[in-house]
Amino acid sequence: MTTTTPAGTPAGPERAARAADEIAARLGPDLVSTDPELLLKTSSDWSRMSPVLQEKVPAGRYLPDAVVRPRSAAEVAEVLRIAYEHDVPVTPRGSGTGNYGQATPFDGGFVLDLRGLDTIRVNDSGTVTAGAGAKITAIDVAARAAGRDIWIYPSTKGSTIGGFVGGGSAGTGTIEHGSTSDGFVLSVTVAPMDGSGTTFTVSGPDVTPYVHVYGVTGVIVELEIATDPARDWVAVYAAFDDWASMTSVHRSLLDLPVLPRLASADPPALVPSLPAPVPLDAARHSLRVIAEASTVAEIEARVVAAGGDVVATLADYAETDKLSSMSYNHPVYYLQKAHPEHTWFHMETGGLAHWERPDDVRAVYDGDVHLHLELMGRAPLAMVVADYVSEEHTLAGIERLEALGLGVHSPHQWYVDRNVDLARETARTMDPKGLLNPGKLVDAPPVDTRVNIGVR
């Protein structure tokens, strides 16, 4: 849709065309594209994993007027200055791997493709400074070469760091380090949408208004992130005959002297579609752990003591990435891909009930209900996977899940839902016209918005 404008002023597409012409003249024609295929490709993200969002924000329903691809922080600032002068909305975008429609250009305008900002520098202190468009795979390679581990990375490791910080929250490394809001981001350089054509840098607690807010408070152009000394990580695969045996080991991993980087667990229904590099028994429960090498023997002993079997222990670091790619909501994606004739949805939840009362959790929804588990810092997170009936049916389960003591994070909406008041206050200065990613920051998000499920 196009923002309504006062009578006598150019329509939205006309304003965008004028701004695009100015950007091309000042910064070069290669920065701007109106190719129809590119406009379609950048109009949506992986929100199609949600049947609700597949109905509401399918690719092509909300198209940008142009895609702008800056190559530096200075060019981002200049693009925003020009867009501000022409009242053109701007939606920032990385690799498009988000799952909640955060990068949908509801009001047209420009999609700002930030992948050209891909510089990476490992600092003398061990931290990493990277452009917002740098892929996390490349950051990890640079950090490991310097003897460092980045704190957290998402299950889609090919995501950009700006997209992960702007729209993601947890992933591999979360068991020890929490979410992107728990000290992972040390500083950010931001381009505001205030007509100034400048950037500024903030650090420490001042980064909070720019983390997990989908770019509505300013466009992140560069970040400094935390690292640890590199460890020797190993991929461990185990199998169990029942849920209780598997979860007894899963929860015990929090007692290890070095916490795992990741620990995923699935019931038999989710196992056959997983793209594992080792054979997985489709009739058994699967536990997969990225473990520090010195803890592997202890983990294997616990698996055997619980009646399980160690399927494989793979020491190549690349194998840990393969294991990570089957974490968080990816098992849901693989299930959907393997069964296109069936419509599944998932609800992200966290709490002890997944270990202690799994039957009660499954009873929240009708039919076959499955739980994919992730280990968190204090309790498990689970993707509750069930048959899709309707949006109303899906959201009706939230109160029942909360009644079991679970926190809920609904992947079926696109609103900013964390530090909303702070984001709104910051946006008043950073984006006074409300041109940044319109439709994502609202005064009163509906009751189905996500909540922080308490990584920390």
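A charge counts as sitting over a ring if CZ of Arg is within 6 Å of the ring centre and within 35 degrees of the ring normal. Keep that in mind for the first stop; and note that what you have open is a predicted model.

**Stop 1: charges over rings**

Select Arg144 and Tyr317. The charged end of Arg144 sits over the Tyr317 ring, 3.9 Å from the ring centre. Now pick Arg362 and Trp243: here the charged end of the arginine sits over the tryptophan ring, with 4.9 Å to the centre.

**Stop 2: strand β6 and its partners**

Jump to residues 128-131, which make up strand β6. In a regular strand the side chains alternate between the two faces of the sheet. In β6, Val128 and Ala130 point one way, while Thr129 and Gly131 point the other way. Are these residues buried or exposed? All of them are buried.

Next, add residues 120-122, strand β5, which pairs with β6 in the antiparallel sense over 3 bridges. Look for Ile120 standing opposite Ala130 of β6. The two strands form a hairpin with 5 residues between them. Click on Gly126 in the turn and check its backbone: phi is positive, at about 100°.

Then bring in strand β10, residues 219-225. β10 also pairs with β6 in the antiparallel sense, over 4 bridges. Which residue in β10 is the bridge partner of Gly131? That's Glu222.

**Stop 3: aromatic pairs**

Time for the rings. A pair of aromatic rings is described by the distance of the centres and the angle of the planes. The count here comes to 9 aromatic pairs.

Start with Phe200 and Tyr210, an edge-to-face pair at 6.1 Å centre to centre and 65° between the planes. Phe200 lies in strand β9 (residues 200-203) and Tyr210 in the loop between β9 and β10, so this pair ties together parts that are 10 residues apart in sequence. Switch on a surface and the partners differ: Phe200 is partly exposed, with a relative accessible area of 24%, whereas Tyr210 is buried at 7%.

Move on to Tyr333 and Tyr334. Their ring centres are 5.3 Å apart and their planes are at 55°, so the pair is tilted. Why does Tyr333 count as partly exposed and Tyr334 as buried? Buried means under 20% relative accessible area; Tyr333 has 23% and is therefore partly exposed, while Tyr334 has 16% and is therefore buried.

**Last stop: a cluster**

Finish by selecting Tyr62, Phe106, Trp414 and Tyr415 together: these four form one aromatic cluster.

Conventions:
Residues are numbered from 1 along each chain as its sequence is written. This is a predicted model: local features need pLDDT of at least 70, side-chain atom pairs count only at pLDDT 80 or more; totals for chains, interfaces and linings use all residues. Side-chain values use heavy atoms; hydrogens and water are left out. Buried means under 20% relative accessible area, exposed over 50%, partly exposed in between (1.4 Å probe, protein chains only). Two strands pair if DSSP finds at least two bridges between them. Rings of Phe, Tyr and Trp (its six-membered ring) pair if their centres lie within 6.5 Å; planes under 30 degrees apart count as stacked, over 60 as edge-to-face and the rest as tilted.
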